[in-house]
Amino acid sequence: PCPCGGKVEWKKEKVVIDEIDCGILDVEVCPKCGEEYFPEESMEIVENKLCLGRVEAAFLNDDLKLVF
């Protein structure tokens, strides 16, 4: 259950975080508050996409100050 008291439901949804498309992933969504929870497999994909997307953006902007 969600902390708000709602019952989370499994869905496949397009996930976009910080303007980076992470693809269609398995997520748990609370219909009451809208909070999304990522299972471990989906979270790994999100983390990899965000890291890669930020590195690509830095190179496009000639910004060499990368912080990991």
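Which pattern does the protein chain follow when read along the sequence? Colour the chain by secondary structure and you can trace the answer: β-β-β-α. Keep in mind as you go that this is a predicted model.

**Stop 1: the whole chain**

Start with everything in view. The protein chain has one helix and three strands. Now switch on a surface: the chain exposes about 5,300 Å², and carbon and sulfur atoms supply 54% of that area. Of the 68 residues in the chain, 24% are buried. If you like contact maps, here is a value to go with yours: among contacts between residues at least 6 apart in sequence, 32% join residues at least 24 apart.

**Stop 2: the β1-β2 hairpin**

Next, select residues 9-17, which form strand β1, together with residues 20-29, which form β2. These two strands pair in the antiparallel sense, over nine bridges. Zoom in on V16 and you will find its bridge partner in β2, D21.

From there, move to the turn. Two residues lie between the strands of this hairpin. Pick D18 and check its backbone: D18 takes a positive phi, near 50°.

**Stop 3: E9, at the start of β1**

Now go back along β1 to E9, whose place is in this strand. Is E9 buried or partly exposed? E9 counts as partly exposed because its relative accessible area is 38%, and the partly exposed class lies between the limits of 20% and 50%.

Show the surroundings of E9. Setting aside neighbours within four places in sequence, E9 is in contact with V27, E28, V29 and P31. Draw a distance between the C-alpha atoms of E9 and E28: they are separated by 5.3 Å, although the two residues are 19 apart along the chain.

As you look along the strands, one general point helps: in a regular strand, side chains alternate between the two faces of the sheet.

**Stop 4: the largest nonpolar core**

Select V15, I20, C22, L25, V27, V29, V46 and L50, and show their side chains. These eight residues make up the largest nonpolar core. Which strand gives the most to this core? That is β2, with five residues. Both β2 and the helix α1 (40-60) supply at least two residues each.

**Stop 5: L50**

Finish on L50, one of the core residues. Which residues is L50 in contact with, once neighbours within four places in sequence are left aside? They are I17 and I20. Of these partners, I20 is itself listed in the core, while I17 belongs to β1, residues 9-17.

Methods:
Residues numbered from 1 in each chain as written. Predicted model: local features only at pLDDT ≥ 70, side-chain atom pairs only at ≥ 80, totals over all residues. Heavy atoms only, no water. Helix = DSSP H or I, 4+ residues; strand = E, 2+ residues; numbered from the N terminus. Buried < 20%, exposed > 50% of the residue type's maximum accessible area, 1.4 Å probe, protein only. Contact = heavy atoms within 4.5 Å. Areas by Shrake-Rupley, 256 points an atom, 1.4 Å probe, with all protein chains shown as cover. Core = buried A, V, L, I, M, F, W, Y, C linked by side-chain atoms within 4.5 Å. Pairing = 2+ DSSP bridges.
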